[in-house]
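Subject: Structure handover

Hello,

Here is the structure you asked to look at. My notes come after it.

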Amino acid sequence: MHIALLSRNRNLYSTKRLIEAAEQRGHTVRVIDTLRCYMNIASHHPTIHYRGEQLEPFDAVIPRIGASVTFYGTAVLRQFEMMGTYVLNDSVGITRSRDKLRSLQLLSRKGLGLPITGFAHSPDDIHDLIKMVKGAPLVIKLLEGTQGIGVVLAETQQAAESVIQAFMGLNANIMVQEYIKEARGADLRCFVVGDKVVAAMKRQAAEGEFRSNLHRGGSASSIRITPEERSTAIRAAKAMGLQVAGVDLLRSNHGPVIMEVNSSPGLQGIETSTGKDVAGMIIEHIARNAAPVTKTPPRPRG
């Protein structure tokens with residue numbers, strides 16, 4: 001198969017591993033900088049151009065679209081969809097997962113476990129908003145934040161009120177969530193491919209930190225998850241419409257609760273901690289589900 005890999009940096013671990021896994025299985029890959037694509041949106045013959053030429057046909061597209069380029073990246077992906085190309089994660093699924101509030105509302109509709117979450121616009125409602133999520137300590141999150149950036153733990157009522165007022169004063173969109181104390185600074189990353197959790201790791205926050213993100217100094221280790229956690233992760237990915245997803249769970253006293261569903265989960269942490277060839281599983285999923293359209297795969301360029 002001839003595969004397009006949308007990535008702004010071919011030297012990233014995830015990008016390199018996907019290329020390696022595809023080539024090991026006899027496929028060709030062309031890495032394409034998402035922001036260098038430009039589109040001819042025509043009724044009968046939509047096309048994508050790249051660095052001065054029209055892109056050749058691809059059998060499949062793997063989107064590795066960063067949060068900062070979601071708008072343009074999903075526009076490019078929609079163009080591939082209009083051209084009838086198989087996409088690993090479609091534009092709608094990515095857009096849903098990137099909107100933290102919308103994704104929680106969709107997960108809530110499916111009856112999946114979530115931390116109690118509040119969302120308000122007016123500073124007049126702060127007191128009741130805090131009460132709604134069981135009071136302090138509580139977690140305040142910027143809706144646009146990634147990798148743990150813009151996530152604050154407010155340990156007292158006064159601190160919570162001050163932080164929320166500050167964010168609202170800056171016209172920042174935030175949500176307020178109950179603090180799951182019993183998780184003890186740890187979460188689970190369940191890596192879903194198709195209808196299976198193919199790997200899972202536990203991420204533990206660094207000393208003095210409550211955010212378990214590896215970018216914030218957290219550590220990762222392989223873990224065996226429960227059937228309920230496995231089912232929750234698979235259902236969460238399906239609710240977002242994603243074929244590949246990193247579903248982050250917390251272990252609470254009332255079962256697993258979903259913190260986030262990531263549409264472009266990194267491979268380094270999960271492969272290093274579990275020793276599994278997750279990149280290979282992704283490529284094999286594409287091979288099973290994409291119908292080849294190219295006759296002779298050209299040599300990869302760029």
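Below is what I found, from the overall fold down to single sites.

Please keep in mind that this is a predicted model.

Overall shape

The protein chain has 302 residues, and its radius of gyration is 20 Å; a compact globule of that length would come to near 19 Å, so the two agree. Along the principal axes, the C-alpha atoms take up a box of roughly 65 × 40 × 35 Å. Secondary structure amounts to 9 helices and 16 strands. Buried residues make up 51% of the chain. Among contacts with a separation of 6 or more, 66% join residues that are 24 or more positions apart.

Domains

The domain assignment divides the protein chain into domain 1 (2-88), domain 2 (96-112 + 182-282) and domain 3 (117-179). Domain 2 is thus listed in two segments, 96-112 and 182-282. The centres of domain 1 and domain 3, taken over C-alpha atoms, are 37 Å apart.

The cavity

How many cavities of 30 Å³ or more does the structure hold? There is 1, and the space in it is about 70 Å³. Its lining consists of Leu-18, Ile-62, Pro-63, Arg-64, Leu-88, Asn-89, Val-244, Ser-263, Ser-264, Pro-265 and Ile-282. By class, that gives 7 nonpolar, 3 polar and 1 charged residues.

Where does the largest cavity lie relative to domain 1 and domain 2? Both domains contribute residues to the lining, so the cavity lies between them. On the domain 1 (2-88) side, the lining includes Leu-18, Ile-62 and Leu-88. On the domain 2 side, which includes the segment 182-282, the lining residues include Val-244, Ser-263 and Ile-282.

A pocket

The second largest pocket has a volume of about 180 Å³. It is lined by 14 residues, and those closest to its centre are Glu-56, Pro-57, Phe-58, Met-83 and Thr-85. The lining as a whole counts 8 nonpolar, 5 polar and 1 charged residues.

One loop residue

Leu-12 sits in the loop that runs between strand 1 (2-6) and helix 1 (13-24). Is Leu-12 buried, partly exposed or exposed? Its relative accessible area is 45%, so Leu-12 counts as partly exposed; the exposed class begins over 50%. Leu-12 and Asp-187 are 175 residues apart along the chain, and their C-alpha atoms are separated by 24 Å.

Regards

Note on methods:
Residues numbered from 1 in each chain as written. Predicted model: local features only at pLDDT ≥ 70, side-chain atom pairs only at ≥ 80, totals over all residues. Heavy atoms only, no water. Domains from an automatic or database assignment. 1 Å grid on protein atoms, 1.4 Å probe; cavity = no way out; pocket = protein on both sides within 12 Å on 5 of 7 lines; lining within 4 Å. Points joined across faces, edges and corners; volume = space filled by probe spheres on them. Nonpolar A, V, L, I, M, F, W, Y, C, P; charged D, E, K, R; others polar. Helix = DSSP H or I, 4+ residues; strand = E, 2+ residues; numbered from the N terminus. Rg over C-alpha atoms; globule rule 2.2 N^0.38 Å. Buried < 20%, exposed > 50% of the residue type's maximum accessible area, 1.4 Å probe, protein only. Contact = heavy atoms within 4.5 Å.
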